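Here are some short exercises, each followed by a worked solution. Keep the structure open beside you and try each task before reading on.

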Amino acid sequence: MYWSRTLIPTSREAPTDADILSHKLMIRAGLIRRISAGVYDWLPLGWRSMQKINAIIRQEMNAVNAEEVHLPALLPAELWKQTGRYADYGALLFKLKDRKGTEMILGPTHEECVTELVKAYVSSHKQLPVTLYQIQTKFRDEARPRNGMLRVREFFMKDAYSFHSSLESLNQTYQDMYNAYVKIFQRCGIPAIPVEAESGPIGGDASHEFICPCEAGEDVIVRAVDNSWAANLERAGRGAPVPDFSAAPELPAAELAKIKTPDAAAVDDVCKFLNIQPTTMIKTMVFRLGDAQSGKWIVACVRGDHEINEAKIRRMAGPVELADEAAARAAGFVIGYVGPHIVNTINAELIIDPDALLIANATTGANESHWHVTNFNWKQHLSPNVLSKAIIADIRNVTAADKAPNGADLIFSKGIELGHVFKLGTKYSDALGATYSDDKQQTHSIIMGCYGIGPGRILVGALETLSDADGIRWPMAIAPFQVIITPIKYDGQAKEVADRLHKELSARGIDVLVDDRDQRPGVKFKDADLIGIPLRIVLGDKGLANGQVELKDRSKKEPEMVSLASIVEHVSKLVQA
RNA sequence: CGGGGCGUAGCUCAGCCUGGCUAGAGCGCCUGGUUUGGGACCAGGAAGUCGCAGGUUCGAAUCCUGUCGCCCCGACCA
């Protein structure tokens, strides 16, 4: 391709609304253009990279016997109502109606759709396992699109779905996919760490995320310093075992002492006011499981310096949400000043984090506005009935004071979620009635797995982790062009040579861009660095007079001189490498 | 959804507070010339519904009201 014939709108300045590095570079290098919040055009350069990423994904999916399909983005809402996800996704779903008034949605993912497909045609264990995948645009009406291509409303996603008649088969495919993911990210040339992950609203019981570590990322991951273990913060468990109730301190009976704490609801405020440490406080939060009528209250307690992990509470208690403040107040919870002993008088499930259990003579809310209590002890101040039903469980985020399962210290870092593999089980096949008959004519729900990758995020991850002050540095495998030919002046012998090299390299399957613009050399060099093509061949009069051209690796400081006679061979080798 | 900020030329922004000539600059773009190995220079030029609607006023980019769009922070740590 010739620069003058395509559309590569580079710019010296990034728009002010671009915040993170990858976003600035994507705009400046002319990869994308925003058309609306969280919706982007892919320009030729960006699209070339996306296609290369997708090609790698396809190859690795095909290699593990996954077969590509194309499913519609426009889906009947009814299908989603059957699995309950129409409600679960809520405002995140793009909803619309057709001319007849039928409710439709734009698919944010395709479990329902693909399960429906398999249900229609698969009925025997002999047809299983089967794995289908697709790469296409998905839609989510994000509350706040942000960070350029990182959180968008329309985006590409590769999602694969596997269907099985046994857990062994699911586990095998899960492992194949996991391995395929490792290969995909390696081939794309970007770092990706597999971490244990929460399966989230998608359901299921086991999952891993692949995280590209970088500051722009929205996820927090926890790793052992010796790399023996890594997990999403949502999922990361305390290294130490969970004790039972007998671990609570035994103390001589003491009265709860009320202390006035005017306007000090937050732990930090109380500590400042009373001059105590957060580690001596019990933080109590109220959650709600289910709706207003049939639901129940959940009271969760952690040590004052710890953060409650809602995902952990959900995992053990069901789909809880932080209580609506007004509703909780109406029920008698003095939000801001709740103490665990509230469960003596209000019927609620009590969940206690082990570290909160171990505090002796704790300070906590008095269940009365602007009052706290001290000398709180679990065994003394909870009624025996409540005490016998209380649950001790890990319900907090791990901290730097915790250890990995093998005892190693922990490192916390941010990262971009590139991909996610889940074992789904039968959530969707149950809901939609996707079943098979086994060899004894018994009917079972098909067991499923699902495996997603965000190709756009691979691109973002590459820019975030590999760029330098001059611009992008594409890994060879996903570079929009592998070679850029920069004639100092596109004229005379340089023009002849540029055209010939373009032809010869292209014939070898190499993607070549010739900068044929009538620009000063400085402009061409700056642009070449900005768009980050891995190899640059510079054609200057002096070199050509001696049968030499200059070869510059984007990631190296100095260029090398190569004879014109051998440049095609030389470059071909570098591209293949 | 809550809070904050911003919409003026393709891009970055000034002008607005305190209303008043024909709405400006830099980059980019077009023409001509000089240049040509790391974002050149000279001369000339094109390009703006000042987001949109309404209002106040003799007069609105500027003040008021509404509305749309965009960006940032927050949206569980009581």
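**Exercise 1. Find the ring under the charged end of Lys-423, and then the one under Lys-81.**

Start with the rule: a charge sits over a ring if NZ of Lys or CZ of Arg is within 6 Å of the ring centre and within 35 degrees of the ring normal. For Lys-423, the ring is that of Tyr-174, with the charged end 4.9 Å from its centre. For Lys-81, look at Tyr-86: here the distance to the ring centre is 4.8 Å.

Before you go on, note that this is a predicted model, where local features need pLDDT of at least 70, side-chain atom pairs count only at pLDDT 80 or more, and totals for chains, interfaces and linings use all residues. Residues are numbered from 1 along each chain as its sequence is written, chains are lettered from A and ligands numbered from 1 in the order in which they are written, and side-chain values use heavy atoms, with hydrogens and water left out.

**Exercise 2. Classify the ring pair Phe-185 and Phe-210.**

Step one is the rule: rings of Phe, Tyr and Trp (its six-membered ring) pair if their centres lie within 6.5 Å; planes under 30 degrees apart count as stacked, over 60 as edge-to-face and the rest as tilted. That gives 10 aromatic pairs. Step two: the centres of Phe-185 and Phe-210 are 5.5 Å apart and their planes are at 40 degrees, so this pair is tilted. Step three is to place them: Phe-185 is in helix α6 (residues 167-188) and Phe-210 in strand β10 (residues 206-213), so the pair links parts of the chain 25 residues apart. Helices (H or I, at least four residues) and strands (E, at least two) are DSSP runs, numbered from the N terminus. Both Phe-185 and Phe-210 are buried (under 20% relative accessible area, with a 1.4 Å probe and protein chains only; exposed is over 50%, partly exposed in between). Finally, Tyr-178 and Tyr-181 join these two in one aromatic cluster.

**Exercise 3. Work out which strands pair with β11 (residues 219-224).**

Two strands pair if DSSP finds at least two bridges between them. β11 has six bridges to the antiparallel strand β21 (residues 410-425), where Ser-413 stands opposite Ile-221. Three more bridges, again antiparallel, join β11 to β12 (residues 230-232), and there Ile-221 faces Asn-232. β11 and β12 make a hairpin with five residues between them, and Asn-227 in the turn has a positive phi of about 60 degrees. Five of the six residues of β11 are buried, so the strand is largely enclosed by the rest of the structure.

**Exercise 4. Describe the surroundings of RNA strand B.**

Count a residue as near if one of its heavy atoms lies within 4 Å of the strand. You should get 43 residues, with Ala-265, Lys-283, Gly-336, Asp-529 and Glu-550 among the closest. The top contributor is α16 (521-531), with seven residues. Next, look for polar contacts to the RNA (N or O atoms within 3.5 Å). A backbone N or O atom of Val-267 lies 2.8 Å from a phosphate oxygen, while the side chain of Arg-536 has an N or O atom 2.8 Å from a base oxygen.

Terms used. Polar contact = N/O pair within 3.5 Å; in protein donor to acceptor, adjacent residues only side chain to side chain.
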